[in-house]
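Please open the structure in your viewer and keep the sequence beside it, since each stop on this tour begins with something to select.

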Amino acid sequence: MTSPETCPVPAVHGGTKTINLALQGGGAHGAFTWGALDRLLEEERVEIEAISGTSAGAMNAAAFKSGYADGDRKGAGQALAHLWGSIGEMARRSSFNPVLEWVKAIHPTLTTVSAAIDAAPQNLMNAQVAQFFSPYDLNPFDINPLRDLLADDLDFDRVCAACRPHLYIAATNVRTGKIRVFEGEEISVDAIVASTCLPSLFQAVEIDDPTTGRKEAFWDGGFTGNPALFPLHRGSQARDVVIVHINPMERDEVPRTAKEIENRVNEISFNSSLNFELRAINMVRRLIREGKLHEGEWKDVLIHSVADDETMRRLGASTKVNPDPFLLEKLREAGAAAMDRFLSAHWDDLGTRATVDLEKMYG
C-alpha cells in the first residue's frame, strides 16, 4: 500500500488549478465521463484533489486513480481505455443483435443505434421477466461478470492509496435506505460492484459495516447520491466541484410513449439526490453572502457542470445496460468535446466563481 510519505508529487505548472470531480452514474453512458476525463488529462495545469463517483462514475474514478496514482497522466488514460474496452468486448461476446449490427453497417448514428437497442426483443422480454422473477430467482449463484473484470483491470493497491486524488464511492444501504460512502482502504471490488448494483438485475452486494458490526446489503448508489457531493466539501480543500453529468436534468418535451416515460422516470430518480445536495449548497452560499454563516466555518463551494444534454436526450434507457462498442466510442467523443468546451469557456472561472447558477435553479 502506498503511504502518504511515498506518494509521488505531480509536477506543478504555472497557473495550476486544483479541483474536485463529481462523476454521475448511468451504466454504459459512463463512457461519456471516460471521454471527459481523457480530455482533462491533457490539461497539465489541472490537479485533482478528490473524486466522488457513483456506479459508472465509481468505475471511472477507480480506473483513473489506478493509472494515475503514480502521477502518470498517460497511465490514467490507458487504464480508462482498458476498462471501457473490456466492457465493450464483454458486451460483444455476450449478446448479438442482428438489427443493431445492420444499423451500424448502414446508418450508424447515436439516434439510430439507440433506437435499434431500444427495439431489441430481448429488452422487452427482460422487462417482462423482471416483473415476476428477481435476481435471486434467475441468478441464484450471483454471477456478475463485472466483478471479475474490475479485479483483473484495476490495481486496488493504487486505488486505495492515500495519494491524490482521494476517492469517495457511494452505495445505498438496502436495510436503512441511507447512503454509505466508501473511501481509502474500504474501497474494494465489492464496494464498486455495490455502487453499480441495479436491484432488478443483480443480487444486493453484502459488505461488512464496521459501524453496525454486521454485514449490510447494498444497491446502486444512484438512489441516494448520484454523485455524493458532501464528501468533497467535507474532506478536501479545493472549492471547485466539477460535476460530469450523464442524466439530463431537464427535458422540454412531455414523455408520451412507454419507453419515453421509463427513460424520464429513470433520469428524475437518479438526479433527485443531486438536486437535493445542490439546493443545500445554494442555501449555504446564500447564508454566507447574508452574513448569517461565517465562510471560515462553512465552505463556499463553487459548482461547475460538464454536460451534453442534447446528446444524452437522444439515448433511451435501454442503452444504459447495453454497452455496445460503437455507442461507447461515440459517448467518449461527446464527453471529450464537452470537457473541451468547458475548459475553453471557464478556465478563468475556476477558483474564482461558480459557473452553475444555483440561485436561478433553486432560489
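Does Arg264 count as buried or exposed? Select Arg264 first: at 13% relative accessibility, Arg264 counts as buried, where buried means under 20% relative accessible area, exposed over 50% and partly exposed in between, with a 1.4 Å probe and protein chains only. What you are viewing is a predicted model, in which local features need pLDDT of at least 70 and side-chain atom pairs count only at pLDDT 80 or more, while totals for chains, interfaces and linings use all residues. Residues are numbered from 1 along each chain as its sequence is written, and side-chain values use heavy atoms, with hydrogens and water left out.

Staying with Arg264, colour helix H12 (residues 258–289), where this residue has its place; helices (H or I, at least four residues) and strands (E, at least two) are DSSP runs, numbered from the N terminus. Now show the partners of Arg264, which, leaving aside neighbours within four places in sequence, are Pro248, Met249, Glu250, Arg251 and Pro255, contact meaning heavy atoms within 4.5 Å.

Next, select Ala338, which lies in helix H14 and counts as buried at 4% relative accessibility. Not counting residues up to four places away in sequence, Ala338 touches Phe32, Val306 and Ala307. Add Ile51 to the selection as well: Ala338 and Ile51 are 287 residues apart along the chain, and their C-alpha atoms are separated by 18 Å.

Keep helix H14 (residues 325–346) in view and add helix H5 (residues 110–118), because the axes of these two come within 11 Å and cross at roughly 140°, the axes being lines fitted to C-alpha atoms, for helices over the stretch in contact, with angles that run from 0 to 180 degrees between N-to-C directions. That angle makes H5 oblique to H14, since angles under 35 degrees count as roughly parallel, over 145 as roughly antiparallel, 65 to 115 as roughly perpendicular and the rest as oblique. To see the side chains that meet, select Leu110, Val113 and Ile117 in H5 together with Phe326, Leu327 and Lys330 in H14.

Finally, zoom out to the whole protein, whose secondary structure comes to 15 helices and eight strands. The C-alpha atoms fill a box of roughly 55 × 45 × 40 Å, taken along the principal axes, and 51% of the 363 residues count as buried.
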